[in-house]
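Subject: Structure handover

Hello,

Here is the structure we talked about. Please open it beside this email and follow along.

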Amino acid sequence: MGIIVENISKRFGDFQALDQVSIEVKTGSLVALLGPSGSGKSTLLRMIAGLETPDQGRILLTGEDATFQEVQDRGIGFVFQHYALFKHMTVRKNIAFGLEIRKVAKNIVKAKVDELLELVQLKGLGDRYPSQLSGGQRQRVALARALAVEPKVLLLDEPFGALDAKVRKELRAWLRRLHDEVHVTTVFVTHDQEEAMEVSDQIVVMNHGKVEQIGTPAEIYDRPATAFVMGFVGPVNVVVPNDRNGNQEQVFIRPQDILIELEPNESTFPARINRLIHLGWEIQAELILDDGQVLIAHLTRDRFNTLNLAPQQRVHVEPKDSKSFSLSYSI
């Protein structure tokens, strides 16, 4: 059994940070808490860590009630966005810190640190100081330090948020490989949808202190439970059909699900190409419908070359897949 959160609520003054939140993280899994700023994801992570106390509900760690347990008694490894490394200590000393304060034998500490340096691909850098490392290397030191004490649960709070896009992408792939080796139950907070989709086994989508949906990356993307999930996870067009009956239905269409044709048929709508953006492996077309609504469509380069599209050209668009929700959403 990993982590069970049951009906957790937390209020800070007039602000309801968490409202009856329940999730289950299976032993050995990697779960992302995904949502915009203010959605409650970091507060939930801090609750699991013991850094905040819930107003109601309870938290179980590996089958034991840890709701009011002290931080040091929870067996938690915590990695912050900004590393929190000791600047005056070498890489080796940083990783060994948790073991040394537990008075673990020196030979065991050395062996453990050597093992972790190899695991996080920093072998040979143990005598350097944090200032002598890149941002990505410093984050790997922080992860090694958290893993050194063999935590029951590893918690990561926006672990790659301070890094540039290229390093972030490299570390995401590295974290997934690392997790597959150590199998420690892991929860990480992110507002980056691509990061959550790429790394996690399951995603918990949060908004305004509530859980909108829990599922695998494929379930979240392909079968969103709410308009918010559809709008937040992955690019999407939101179209409001002209309905004389006053229904406020919204139609959500992924850019890759919009077909562009040169000739009309019974399923198409007329549109004008406003702009074409070349993104390397695909082309993004900005389309304006006759009622003024804007659609974004993604085309492969082969399809784009076949159609021979140009700005201001009149075309006909057909949604090959769409989802409708009756309520409006906000991010």
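Below are notes on the strands, the pockets, one helix and a few backbone angles. Keep in mind that this is a predicted model.

**The N-terminal hairpin**

Start with β1 (residues 3–12) and β2 (residues 15–25). The two strands pair in the antiparallel sense, over seven bridges. One pair to look up is I8, whose bridge partner in β2 is V21. The strands form a hairpin, with two residues between them. G13 sits in that turn and has a positive phi of about 65°.

Now move into β2, to Q20. Q20 is not a glycine, yet its phi is positive, at about 55°. Is Q20 buried, exposed or partly exposed? Its relative accessible area is 39%, so Q20 counts as partly exposed.

**The five-stranded sheet**

Further along the chain there is an open sheet of five strands. The order is β13-β17-β14-β15-β16, and the pairing is antiparallel. Which strands stand at the edges? They are β13 (258–261) and β16 (294–300). Each has a single partner strand, so one side of each is left without a neighbour in the sheet. From one strand to the next, the twist averages 45°.

Within this sheet, β14 (residues 269–278) and β15 (residues 282–289) are antiparallel partners over seven bridges. A271 stands opposite L289 of β15. In a regular strand, side chains alternate between the two faces of the sheet.

**The largest pocket**

The largest pocket holds about 570 Å³ of space. It is lined by 24 residues. Closest to its centre are I76, G77, F78, R102 and V149. Three elements each supply at least two lining residues: β6 (76–79), α2 (91–101) and α4 (135–148). Which of the elements gives the largest share of the lining? That is β6, with four residues. By class, the lining has 16 nonpolar, four polar and four charged residues.

**The second largest pocket**

The second largest pocket has a volume of about 310 Å³. Its lining is made of 18 residues. Those closest to the centre are V239, F269, L289, D291 and Q293. L289 is the residue that A271 stands opposite. β12 (250–253), β14 and β17 (314–319) each give at least two residues to this lining. The largest share, three residues, comes from β17. By class, the count is twelve nonpolar, three polar and three charged.

**Helix α4**

Besides lining the largest pocket, α4 is worth a look on its own. It has 14 residues and reaches 20 Å from its first C-alpha to its last. That is close to the 20 Å expected at 1.5 Å a residue. How many of its residues are buried? The count is 13 of the 14, so α4 is largely enclosed by the rest of the structure. "Buried" here means under 20% relative accessible area. Just after α4 comes E150, with a positive phi of about 50°.

**One more backbone angle**

H183 is another residue with a positive phi, about 60°, although it is not a glycine. Where is H183? Look in the loop between α5 (165–182) and β8 (185–190).

Best wishes

Terms used: Residues are numbered from 1 along each chain as its sequence is written. This is a predicted model: local features need pLDDT of at least 70, side-chain atom pairs count only at pLDDT 80 or more; totals for chains, interfaces and linings use all residues. Side-chain values use heavy atoms; hydrogens and water are left out. Two strands pair if DSSP finds at least two bridges between them. Axes are lines fitted to C-alpha atoms, for helices over the stretch in contact, and angles run from 0 to 180 degrees between N-to-C directions. On a 1 Å grid over the protein atoms alone, a cavity is a set of points where a 1.4 Å probe fits but cannot get out, and a pocket is an open set with protein on both sides within 12 Å along at least five of seven lines; lining residues have an atom within 4 Å of a point. Grid points are joined across faces, edges and corners, and a volume is the space filled by probe spheres set on the points. Ala, Val, Leu, Ile, Met, Phe, Trp, Tyr, Cys and Pro count as nonpolar, Asp, Glu, Lys and Arg as charged, and the others, Gly among them, as polar. The expected span of a helix is 1.5 Å times one less than its number of residues. Buried means under 20% relative accessible area, exposed over 50%, partly exposed in between (1.4 Å probe, protein chains only).
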